[in-house]
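Let's take a walk through this model together, starting with a single piece and then stepping back to whole chains. Keep the 3D view open as you read.

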Amino acid sequence: MGYVAVKGGTAAIEESIRRLKYERLKKGTVLKVRDIEGGMRGLIDQIMSEGSLYDETLAALAIKQAEGSPEEAVFLLRAYRSTLPRKHYARTIRTERMAVERRISASFKDIPGGQILGATYDFTHRLIDFELMEETEETARAWLREFAESVGDAGSGGMNDGMAERGDASGGAAVFGGASGGSAGGGPDAGALDGLPKVSDYLRKEGLLPDCEEDNREPDDVTRRSLTFPSTRSQRLQVLTRGQTGAMTSLAYAVIRGYDVVHPTVGELRVGHLPVYIADPVGSEDSDAAGSQADPSGESDDDYYIGNVKATEAEMLIPVVTEKVRGKKELEFQIGYGLCYGQNETKAIAMGILDYCLEAKKPGVPTHDEEFVLLHIDSVESTGFISHLKMPHYVTFQSKLDSVRRTKRTTGNANDGERTGAAMEVIRS
Amino acid sequence: MRQAYNFAFFDEGSKREIRRAVLKAIAIPGYQVPFASREMPIARGWGTGGLQLTLSLIGRDDVVKVIDQGSDESVNAVSIKKLITKTTGVRTVEDTREATLIQSRHRIPEVPLGEGQILVLQVPLPEPLRPYEPSERETKKLHAEKEYSGAWLMLFEQIVKYGMTATGADHPVMVHGRYVMAPSPIPRFDNPKMNFSRALILLGAGREKKVYAVPPYTRVVSLDFEDVPFRTESFEGVRCRQCGAEGVFMDELVDEETGEVYHQCNDTSYCLGRLNRREVS
Amino acid sequence: MTTMFFDSVHDVQRAFRKLVDAMSRPGLVVDLGEQANKLEPVGPCLSSTLLAAIMLMDTEVAFHVCSRHCAETIGLLKELTNAKTAAAGEADFVFVLRDSADGGLEEAIRRAKSGDLIDPHLSATIIVEVEEVAEDGELRLTGPGIDGERFVRIGAEGDWLAAREEKNREFPMGVDMIFVDARHRAVCLPRTTQIAAREGRKWVMSR
């Protein structure tokens with residue numbers, strides 16, 4: 001009859017997990033992943049962006065499993081991403097080719113191609129619509145039929161494969177060129193909304209924005225090689241695009257509210273779909289690493305179209321005083337760049353602001369400190385470390401107790417207040 | 001959609017990257033080698049660094065022990081053990097002597113480790129100089145130049161204030177006479193076990209993305225001053241209420257009924273081992 | 001190259017554990033035979049060399065080969081691992097094969113990258129095929145990983161010990177080495193290991 005450890009821990013955990021499942025199911029509702037995918041676009045877009053994995057169904061499944069907790073859902077996606085092998089690298093995506101659904105500029109009233117408001121909450125009145133409690137699939141279908149007729153689209157014409165059957169018409173949807181295009185768009189505007197010129201290109205032509213040379217160096221991948229300081233621009237952009245929306249929003253808010261004199265304007269904000277191409281996988285042999293592209297412009301007629309991703313791009317214009325020849329000061333614009341999966345406009349704008357700050361690197365301002373910003377905006381890291389405080393720290397605490405006791409013994413003549421102060425210092429150190 | 005996971009969770013590419021980092025860490029004792037640090041199914045801050053090391057080392061023939069705060073049954077240890085067995089099917093044990101791989105949070109087992117064993121420690125904050133230098137870029141320079149006056153200064157200030165050093169766990173050490181290293185939040189009591197250990201000790205910080213090592217038979221010295229030598233926690237005159245052990249790290253507990261303070265071995269498998277041997281004899 | 005018996009997960013893992021032992025306990029001779037024998041020797045490389053390559057290399061690293069049949073080996077290693085090639089001074093892994101030119105090992109050591117004070121880990125690992133790796137030889141090893149002293153025989157040509165001593169003079173910078181022989185025995189010399197002759201004054205290192 002030997003002594004064995006009481007399996008309290010195992011039992012407790014198993015019961016905890018059962019309890020959690022109970023919480024998820026106790027109301028008797030079982031969410032269909034399809035419903036989440038259909039109706040929670042906002043959360044799905046946020047999760048895909050922070051999870052750094054573009055797959056709406058997987059994101060919806062993660063959201064279901066996490067009961068809607070963004071912290072948990074992002075964690076699920078990231079952990080899954082860890083297990084996926086890399087098969088290909090896409091060709092460089094040019095956002096000029098975006099099939100635009102929404103495109104605005106706050107800097108100019110008139111832009112080539114026009115301001116397209118698209119689908120946005122910006123102009124809704126935030127009044128809770130109680131009628132939504134009575135909404136049914138029938139009323140929804142009826143509305144969709146009406147909508148389709150009103151945009152002159154015969155009911156087909158989504159961007160994504162399979163959307164045609166759902167009767168989801170995005171007015172003015174574009175059609176991709178390339179090997180296997182998406183479903184055909186009807187309507188008078190079809191095809192007109194990819195290839196809209198960039199506002200920044202127009203500004204460059206006018207000499208209002210400094211010219212920008214293409215940097216075709218292979219980008220650093222922080223998921224393969226950890227972030228080092230000083231960071232490269234590609235590392236910064238990658239960390240920012242994966243960053244937690246809330247954290248980035250707060251930091252960018254601090255910047256524009258007055259923690260630094262930065263007055264950004266939205267030069268251009270685009271939301272739409274970007275086509276993704278890969279090099280012909282069976283094609284010409286690449287004698288070097290699978291990742292490098294033979295052609296820096298990254299395109300070839302043999303490329304395969306593998307799908308598209310919805311993305312938000314923000315180009316922020318920041319007026320900056322620069323010193324030119326002979327001490328002459330000039331005002332010019334610099335760009336802060338933001339890009340995220342999904343329609344995440346606040347995040348993309350925040351990213352643009354932070355990108356500029358981290359390039360400018362003004363000393364003494366916390367939002368210009370790359371370590372301060374980049375090391376604290378990752379959702380999985382920040383929530384993980386905070387939640388780890390719930391783990392037992394008995395031994396470390398015991399060790400501190402020992403120190404506190406000994407210091408109390410030796411400062412025995414000091415008054416209580418002082419002793420407590422010293423003890424607190426010890427615990428803090 | 002994929003159902004099955006790889007052996008030991010990771011794909012081979014991830015394991016390779018960690019393995020390269022491990023070999024370099026062993027070659028440069030005490031130096032923090034950066035690694036990519038994949039996200040794990042367990043949260044950052046909960047042992048993902050240690051777990052990544054274990055999963056890159058582990059094979060079918062291994063026998064694994066996982067402890068947290070000295071206990072095999074602590075919820076964190078159980079959770080990690082579950083993930084390891086789920087992704088590898090490897091046998092787990094509580095007896096330290098039987099294990100080939102030991103993953104631990106905040107303790108080194110009381111039973112001295114042998115040459116066939118590897119100890120993996122979970123590290124929250126791998127940078128011993130961080131309390132006085134927040135910038136990673138700067139601390140890398142300090143390590144490069146062996147500029148450790150700040151570490152000594154921290155201890156000096158404690159001595160000036162309290163007459164002694166007042167670190168609790170994670171008291172910094174000097175490894176192979178070159179790098180100051182954070183031993184992880186093991187109590188001071190355990191620091192001497194790192195010195196000329198017979199087992200390899202690997203330390204992993206998942207969130208901070210660093211792995212470092214203390215090879216066997218390597219000099220590890222806790223930082224102190226000639227006139228204020230390093231002292232471990234004292235358990236003098238204290239015995240374990242269960243097994244009678246002395247001279248090991250103790251948990252302090254209060255008897256709910258009598259209000260009496262008593263002590264118990266923190267290393268639960270050590271305590272059980274003693275109890276079982278006493279029964280037999 | 002890999003026979004149908006070679007398990008890219010489990011055989012690589014077992015071999016890796018042996019190398020971990022060897023690197024942690026310099027001078028310990030490990031036997032990679034069980035795994036290496038499942039590889040068919042192709043081209044000029046020993047199967048233990050291929051095993052090390054499969055274990056450690058992929059698209060993230062670069063390698064360099066010292067051999068009279070460079071091209072063949074390079075092609076083979078690229079096919080097996082997808083690693084890139086690089087100049088001797090930039091490679092993460094340097095392979096010095098049995099058929100390398102005289103003085104090839106010394107040259108490889110001299111040119112290999114040894115990291116810098118900020119990033120000493122950005123240094124090469126040199127994998128060397130030798131005549132013989134055996135216990136109880138004429139080299140006396142001391143340092144981290146060794147209880148007292150250990151003796152080992154590494155049958156490599158040339159004055160490589162002096163080249164290594166020079167290269168590793170400024171710890172933490174330096175290079176780390178893995179030696180393999182045709183009987184699949186391996187031994188590792190991390191940069192921390194001090195080497196002296198069993199008796200006499202040769203190769204005594206200052207520290």
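Start with helix α5 of chain B, which runs over residues 149-162. This is a predicted model, by the way. The helix has 14 residues and reaches 20 Å from its first C-alpha to its last, close to the 20 Å expected at 1.5 Å a residue.

Now, which residues of α5(B) are buried? They are L155(B), Q158(B) and Y162(B). These three cover an arc of only 50° around the axis, so they sit on the same side of α5(B). The spacing behind this is a handy thing to remember: an α-helix has 3.6 residues a turn, so residues three or four places apart point the same way. Turn to the face pointing away from the buried side, and you'll find the exposed residues S149(B), L153(B) and V160(B). Just after α5(B) comes G163(B), with a positive phi of about 80°.

Glycine isn't alone in having a positive phi here, as two lysines show. K361(A) has a phi of about 55° and is found in the loop between α11 (345-360) and α12 (370-374) of chain A. For K209(B), phi is near 65°, and its loop lies between β8 (200-205) and β9 (210-214) of chain B. Are these two lysines buried or exposed? K361(A) counts as exposed because it has just 11 other C-beta atoms within 10 Å, and the cut-off for exposed is 12 or fewer. K209(B) has 25 such atoms within 10 Å, so it is buried; there the cut-off is 20 or more.

Next, look for some peptide bonds that are cis. One joins F229(A) and P230(A), with omega about 0°; P230(A) lies in the loop between α8 (199-205) and α9 (233-241) of chain A. Another runs from F171(C) to P172(C), with omega near 15°. You'll find P172(C) in the loop between α6 (160-167) and β8 (176-181) of chain C.

Finally, zoom out. Chain A has 15 helices and four strands, and 33% of its 429 residues count as buried. Chain C comes to six helices and 10 strands, with 51% of its 207 residues buried. The C-alpha atoms of chain C fill a box of roughly 50 × 30 × 30 Å along the principal axes. Its radius of gyration is 16 Å, which agrees with the value near 17 Å for a compact globule with 207 residues. As for contacts in chain C with a separation of 6 or more, 66% are between residues 24 or more positions apart.

Methods: Residues are numbered from 1 along each chain as its sequence is written. Chains are lettered from A and ligands numbered from 1 in the order in which they are written. This is a predicted model: local features need pLDDT of at least 70, side-chain atom pairs count only at pLDDT 80 or more; totals for chains, interfaces and linings use all residues. Helices (H or I, at least four residues) and strands (E, at least two) are DSSP runs, numbered from the N terminus. The expected span of a helix is 1.5 Å times one less than its number of residues. The arc is that of the directions from the helix axis to the C-beta atoms. The radius of gyration is taken over C-alpha atoms; the globule rule is 2.2 Å times the number of residues to the power 0.38. Two residues are in contact if their C-beta atoms, placed from the backbone, lie within 7 Å.
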